[in-house]
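Reader: I'd like to learn how to read a structure feature by feature. Could you walk me through one?

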Amino acid sequence: VQLQASGGGLVQTGDSLRLTCAVSGRPFSDYSLGWFRQTPGEEREFVASISWKGEQSYHADPVKGRFTISRENTENLLFLQMNNLRTEDTGVYYCGASRKFTSWPWEYEFWGRGTLVTVSS
């Protein structure tokens, strides 16, 4: 499975961005998908995950109510809509694929190259 995240950029606090992760390889619907973020010197932090059918999703507390994860199985795409961005949302955002609906990064088998989101005040 190959994943490629895109859509990052430099924005100001309060702005919105939508990240996209294109997935190829094994059947897209075999996997739950997730978004994580990482800043230098820190561990990879869970942001949100979505089950393989999309009927379940889970968002980390710091982003709840601002970010929304979704997927389009017919097009093998995963999205993260990020609204009301804050400076603490700055980081490299990674998408991952797991056979489990999980928030633990070690349970993700495949990762894409990240996309950088920078939020300035």
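Reader: Let's start small. Is Gly-14 buried, partly exposed or exposed, and at what relative accessibility?

Author: Bear in mind that this is a predicted model. The classes go by relative accessible area: buried is under 20%, exposed is over 50%, and partly exposed is in between. Gly-14 has 42% relative accessibility, so it counts as partly exposed. You'll find Gly-14 in the loop between strand 2 (9-12) and strand 3.

Reader: And which residues does Gly-14 touch, if I skip those up to four places away in sequence?

Author: Asn-84 and Leu-85. Sequence distance and distance in space can tell two stories here: Gly-14 and Leu-85 are 71 residues apart in sequence, but C-alpha to C-alpha they are 4.9 Å apart.

Reader: Asn-84 just came up. Where does Asn-84 lie?

Author: In the loop between strand 8 and strand 9. Its backbone is worth a look: Asn-84 has a positive phi of about 50°, although it is not a glycine. As for exposure, Asn-84 has 42% relative accessibility, so it is classed as partly exposed.

Reader: Now the cysteines. How many disulfides are there?

Author: The general idea is that a disulfide is a covalent bond between the sulfur atoms of two cysteines. In a set of coordinates you look for two cysteine sulfur atoms within 2.5 Å. By that rule the count is one. The partners are Cys-21 and Cys-95, with their sulfur atoms 2.1 Å apart.

Reader: Which parts of the chain does that pair tie together?

Author: Cys-21 sits in strand 3 (residues 17-24) and Cys-95 in strand 9 (residues 91-98), so the link joins parts that are 74 residues apart in sequence. The link of Cys-21 and Cys-95 is right-handed, with 70° about the S-S bond. Both Cys-21 and Cys-95 are buried.

Reader: On to strands. How should I read strand pairing, and which way do strand 4 and strand 9 run?

Author: Strands of a sheet pair through backbone hydrogen bonds, either parallel or antiparallel. Strand 4 and strand 9 run antiparallel, joined by seven bridges. As one example of who faces whom, Gln-38 stands opposite Val-92 in strand 9.

Reader: What about strand 4 and strand 5: how many bridges do they have?

Author: Five, again in the antiparallel sense, with strand 5 covering residues 45-50. Phe-36 stands opposite Phe-46 in strand 5. Strand 4 and strand 5 form a hairpin with six residues between them, and Gly-41 in the turn has a positive phi of about 80°.

Reader: Why is strand 4 described as largely enclosed by the rest of the structure?

Author: Because six of the seven residues of strand 4 (residues 32-38) are buried.

Reader: What is the strand order in the open sheet of four strands?

Author: It goes 1-3-8-7, with antiparallel pairing. To find the edges, look for strands that pair on one side only: here those are strand 1 (2-6) and strand 7 (67-72). On average, neighbouring strands of this sheet are turned by 15° against each other, direction ignored.

Reader: Let's zoom in on strand 7. Which of its side chains are buried?

Author: In a regular strand the side chains alternate between the two faces of the sheet. In strand 7, Phe-67, Ile-69 and Arg-71 point to one face and are buried, whereas Thr-68, Ser-70 and Glu-72 point to the other and are not. Strand 7 is joined to strand 8 (residues 77-82) by six bridges, and the two run antiparallel. Phe-67 stands opposite Met-82 in strand 8, and Glu-72 has Leu-77 as its bridge partner.

Reader: What happens in the turn between strand 7 and strand 8?

Author: They form a hairpin with four residues between them, including Asn-76, which has a positive phi of about 55°. Asn-76 is partly exposed, with a relative accessible area of 26%.

Reader: One last residue: which backbone atoms does the His-59 side chain reach?

Author: The His-59 side chain reaches the backbone oxygen of Phe-67 at 3.5 Å and the backbone nitrogen of Ile-69 at 3.0 Å. His-59 itself lies in strand 6 (residues 57-59), and at 13% relative accessibility it counts as buried. Beyond four places in sequence, its contacts include Phe-46, Val-47 and Lys-64.

Methods: Residues are numbered from 1 along each chain as its sequence is written. Side-chain values use heavy atoms; hydrogens and water are left out. Buried means under 20% relative accessible area, exposed over 50%, partly exposed in between (1.4 Å probe, protein chains only). Contact means heavy atoms within 4.5 Å. Two strands pair if DSSP finds at least two bridges between them. Axes are lines fitted to C-alpha atoms, for helices over the stretch in contact, and angles run from 0 to 180 degrees between N-to-C directions. A polar contact is a pair of N or O atoms within 3.5 Å; within protein, one must be able to donate a hydrogen and the other to accept it, and residues adjacent in sequence count only if both atoms are side-chain atoms.
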